[in-house]
Amino acid sequence: MEALKKIRVKHIEGFNIVERGWGISDRFPNNEIRINKHLHEYPELLEGILNHEVKHTRHQGFTKKDLVHDLATKNQYSQWQLMKFCLRHPLALLQAVPIYYTRKDGIVFDINAMITMAIVLGFVGIAIWIGLSL
Ligand SMILES: [Zn+2]
């Protein structure tokens with residue numbers, strides 16, 4: 001298992017994979033997919049997420065096609081795994097922030113993040129609810 005964790009996918013279908021310490025994953029227009037570095041501890045989840053990301057359109061900004069892709073393909077990876085991931089790595093929840101600033105990218109505006117936020121909060125709500133009723 002330790003050996004598996006050390007395998008780092010760097011490229012997939014023409015995209016560079018860049019690791020960061022927060023969020024889940026985002027596509028950037030410069031053919032970059034940024035993923036939470038902790039996703040390597042969840043190889044199945046990571047694979048599902050990467051498969052999802054490469055299927056987005058190459059348009060910049062918001063497109064209806066991307067929205068449909070996000071809504072229709074939620075089940076490409078285990079939402080249970082994703083929930084566990086978010087609970088163990090709470091910085092993943094920053095994925096839900098629709099507007100943020102980094103020195104590298106300036107202001108990034110992400111409509112899909114609002115949808116992700118709804119989904120993630122839904123699952124966190126369920127987790128809390130399960131936790132309270134145990
Ligand atoms: Zn997506």
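**Helix 2 and its surroundings**

Colleague: Which residues are buried in helix 2?
Modeller: This is a predicted model, where local features need pLDDT of at least 70, side-chain atom pairs count only at pLDDT 80 or more, and totals for chains, interfaces and linings use all residues. Residues are numbered from 1 along each chain as its sequence is written. Helices (DSSP runs of H or I, at least four residues) and strands (E, at least two) are numbered from the N terminus. Buried means 20 or more other C-beta atoms, placed from the backbone, within 10 Å of a residue's own (exposed is 12 or fewer, partly exposed in between), and in helix 2 that picks out Leu45, Leu46, Ile49, Leu50 and Glu53.

Colleague: Within what arc do the buried residues of helix 2 fall?
Modeller: Take the directions from the helix axis to the C-beta atoms. The buried residues line one face of helix 2, because seen down its axis they fall within an arc of 130 degrees.

Colleague: Which element gives the largest share of the largest nonpolar core?
Modeller: Such a core is a set of buried Ala, Val, Leu, Ile, Met, Phe, Trp, Tyr and Cys residues joined through C-beta atoms within 7 Å. The largest one has 15 residues. Strand 4 (32–36), helix 2 (43–54) and helix 4 (79–88) each give two or more. The largest share, four residues, comes from helix 2.

Colleague: Is valine 68 buried or exposed?
Modeller: Valine 68 sits in helix 3, residues 64–72. Since just 10 C-beta neighbours lie inside 10 Å, valine 68 counts as exposed.
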